[in-house]
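User: I would like to go through the labels attached to this model and hear the reasoning behind each one.

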Amino acid sequence: MNIATPEAHSLDLGLNWHNSFADLGEAFFTALAPKPLPAPYWVGRSNAVAHELGLSADQLSSDALLQALSGNRHIAGSRPLASVYSGHQFGVWAGQLGDGRAILLGQTAAGQEIQLKGAGLTPYSRMGDGRAVLRSSIREFLCSEAMHGLGIPTSRALCVTGSNAPVYREAAETAAVVTRVAPSFIRFGHFEHFAYRQQPAELETLADHVIDRFYPACRTSTQFGGNRFAALLQAVSERTAQMVAQWQAVGFCHGVMNTDNMSILGLTIDYGPFQFLDTYDPGHVCNHSDSAGRYAFDKQPNIAYWNLFCLGQALLPLIGEQELALAALESYKTIFPAALQARMQDKLGLGQSPAEFAATDRSLIEDILALLAADRVDYTIFWRRLSQLPGGGSTEPVSDLFLNRAGAQDWLQRYTQRLGSIAAAPAAALMRQTNPKFVLRNHLGELAIRAARNMDFSLVSKLLMLLESPCEEHPGHESMAGFPPDWAGSIEISCSS
Ligand code: AMP
Ligand code: MG
């Protein structure tokens with residue numbers, strides 16, 4: 001079946017496509033259609049993302065859309081393609097990679113790109129089969145929306161469609177497709193690709209595309225002697241710093257921070273072996289394949305900088321002078337710590353510190369993190385319980401979490417004293433908005449996956465509902481906000497499933 005034609009069989013979603021990436025020209029991609037999957041079914045759907053795309057609830061439950069997003073029907077106005085990029089993986093130059101299993105359908109008039117992940121072989125599939133399995137697709141779907149619910153920049157996910165077509169990993173599994181949505185899926189690796197290939201014209205085309213669509217202020221910036229490419233590098237560094245600060249504050253480990261998984265827009269993308277921390281272990285490594293611990297939780301801020309350095313090197317032919325590139329990267333070193341500090345202050349309900357409390361607040365944060373790490377305290381539960389304090393809650397549910405109760409009580413005394421210097425109601429509100437009750441812990445994802453394998457998708461929907469507003473109480477769903485079961489520690493998740 002040739003699904004790219006004829007247009008008569010195309011599904012018209014009324015999206016009014018623009019496809020500015022496709023307009024860049026063939027040096028940047030291979031045009032090709034998604035590969036069909038037999039007898040698809042819905043696994044999970046986000047009405048919120050549908051709404052943002054301008055799709056109706058009826059469209060999102062239609063068989064026509066199910067078929068189109070599973071590769072069985074062309075969407076009118078889309079120009080499907082797989083883009084080419086390269087990258088550094090685990091600190092080593094990996095050469096050409098590219099969309100090995102993701103197909104970009106195009107860009108809607110509202111400026112959102114829609115991509116099907118798991119849509120079949122492309123010229124960049126290398127040894128892979130072009131497919132994604134159900135479990136990793138459910139994880140990506142739920143985590144995309146969970147991160148959005150937390151206010152963390154991320155690609156979104158419209159839906160997951162499944163099929164009983166077999167896909168072989170360690171064992172036989174089944175196929176699924178995640179429909180991802182983002183203003184752009186351009187990665188650091190796209191720039192590295194054209195720099196390595198010594199194609200400065202394409203490099204410049206790509207950089208100008210990104211500047212014109214997303215960073216127009218770089219064109220008129222007078223910083224760096226009016227060098228727009230240095231201004232772009234600085235802007236990307238700053239967005240990346242903000243994103244990683246949010247990861248660290250919420251306890252999110254990405255797991256595969258290769259340069260091909262770094263968004264030029266500072267979005268969290270390519271959810272693979274990610275994990276929200278259960279206990280607070282700063283050196284936690286969530287990716288089972290990362291034996292050296294390169295992407296451990298506490299290394300993420302430095303790895304992001306290392307990746308930005310690679311981007312700087314890739315942009316060097318455009319920037320011209322190395323000093324300018326280095327200067328453009330400099331602000332990461334101040335923006336990241338300031339952003340993290342601000343997030344942690346919010347978690348404590350303190351907001352911005354007045355000068356006389358700056359040192360006190362810094363040591364409150366350092367000390368609580370040391371206590372949490374020493375006792376391997378559950379990170380999410382600690383912050384949520386702490387959030388009860390400004391409203392008059394007792395300190396006991398918090399100190400109960402620690403083996404070192406004396407240490408915890410001492411810290412709580414210092415903290416409550418500091419809280420006494422500010423108004424309780426706004427502190428309580430800030431903490432409730434900043435310290436989620438629900439995060440996508442590995443075991444929750446696993447429970448949803450197990451049910452989905454038996455064609456029960458209710459837990460996918462329930463988790464989506466909770467994670468869309470993770471700071472709300474959602475009474476009746478306490479079991480989704482509790483400590484992980486013992487078996488959670490034995491879940492093993494690796495790259496590229
Ligand atoms: P990831 O670790 O998921 O970021 O993937 C790294 C590279 O491998 C990217 O170029 C992916 O497109 C490609 N890749 C991962 N899994 C597959 C697969 N099953 N089939 C084809 N390409 C894949
Ligand atoms: Mg990737």
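The exchange below takes the labels one at a time, for a model that is predicted.

User: What makes N261 and D270 the donors for the magnesium ion (ligand 2)?

Analyst: The distances do. N261 (OD1) and D270 (OD) coordinate the ion at 2.0 to 2.1 Å. A donor has to be an N, O or S atom within 2.8 Å of the metal, so both residues qualify. Water is not among the atoms, so the site may look incomplete.

User: Are these two residues buried or exposed, and how do you know?

Analyst: N261 has a relative accessible area of 10%, and D270 has 12%. Buried means under 20%, so N261 and D270 both count as buried.

User: Why is the contact between Y271 and F274 called edge-to-face?

Analyst: The structure holds 19 aromatic pairs. In the pair formed by Y271 and F274, the ring centres are 5.7 Å apart and the planes stand at 90 degrees. Centres within 6.5 Å make a pair, and planes over 60 degrees apart make it edge-to-face, so Y271 and F274 meet both conditions. Both residues are buried as well.

User: Which residues form one aromatic cluster?

Analyst: The cluster consists of Y280, F297, Y379, F382, W383, F402, W411 and Y415.

User: How do you know that the charge of R294 sits over the ring of W306?

Analyst: The charged end of R294 is 4.6 Å from the centre of that ring. The distance limit is 6 Å, and the charge must also be within 35 degrees of the ring normal. R294 is listed as sitting over the ring of W306, so the angle condition holds too. A second case is R450, which lies over the face of W487 at 4.5 Å from the ring centre.

User: Why are α4 and α17 called oblique?

Analyst: Helix α4 (residues 134–149) packs against helix α17 (residues 442–453) at about 130 degrees, with the axes 10 Å apart. Roughly antiparallel needs an angle over 145 degrees, and roughly perpendicular covers 65 to 115. The angle of about 130 degrees is in neither range, and α4 and α17 are therefore oblique to each other. Their crossing is right-handed.

User: What makes α9 and α11 roughly antiparallel?

Analyst: Helix α9 (residues 300–319) and helix α11 (residues 332–347) pack at about 150 degrees, with axes 11 Å apart. Since angles over 145 degrees count as roughly antiparallel, α9 is roughly antiparallel to α11. The two helices also make a right-handed crossing.

User: Which label does R453 get, and how do you know?

Analyst: R453 belongs to helix α17. Its relative accessibility is 44%. That value lies between the 20% limit for buried and the 50% limit for exposed, so R453 counts as partly exposed. R453 and R135 are 318 residues apart along the chain, while their C-alpha atoms are separated by 8.5 Å.

User: Why is A82 called buried?

Analyst: A82 has a relative accessibility of 0%, and the limit is under 20%, so the label buried follows. A82 is in strand β3 (residues 81–83). Its C-alpha atom is 7.3 Å from that of G98, 16 residues away in sequence.

User: How do you know whether L104 and R156 are buried or exposed?

Analyst: The same 20% limit applies. L104, in strand β6 (residues 102–107), has a relative accessible area of 5% and is therefore buried. R156, in strand β9 (residues 156–168), has 9% and is therefore buried.

User: Why is the phi of F90 pointed out?

Analyst: Most residues other than glycine have a negative phi. For F90, phi is near 50 degrees, a positive value in a residue other than glycine. F90 is in the loop between β4 (86–89) and β5 (92–96). With a relative accessible area of 30%, F90 is partly exposed.

User: What makes Q198 exposed?

Analyst: Its relative accessible area is 68%. Exposed means over 50%, so Q198 earns the label. Q198 is in the loop between α5 (188–196) and α6 (200–214). Phi of Q198 is positive, about 55 degrees, although the residue is not a glycine.

Conventions: Residues numbered from 1 in each chain as written. Chains lettered and ligands numbered in written order. Predicted model: local features only at pLDDT ≥ 70, side-chain atom pairs only at ≥ 80, totals over all residues. Heavy atoms only, no water. Donors = N, O, S within 2.8 Å, 3.2 Å for Na, K, Ca; no water. Buried < 20%, exposed > 50% of the residue type's maximum accessible area, 1.4 Å probe, protein only. Phe/Tyr/Trp six-rings, centres within 6.5 Å; stacked < 30°, edge-to-face > 60°. Axes fitted to C-alpha atoms, helices over the stretch in contact; angles between N-to-C directions. Helix = DSSP H or I, 4+ residues; strand = E, 2+ residues; numbered from the N terminus. Parallel < 35°, antiparallel > 145°, perpendicular 65-115°, else oblique. Left-handed = near helix turned anticlockwise from the far one by under 90°.
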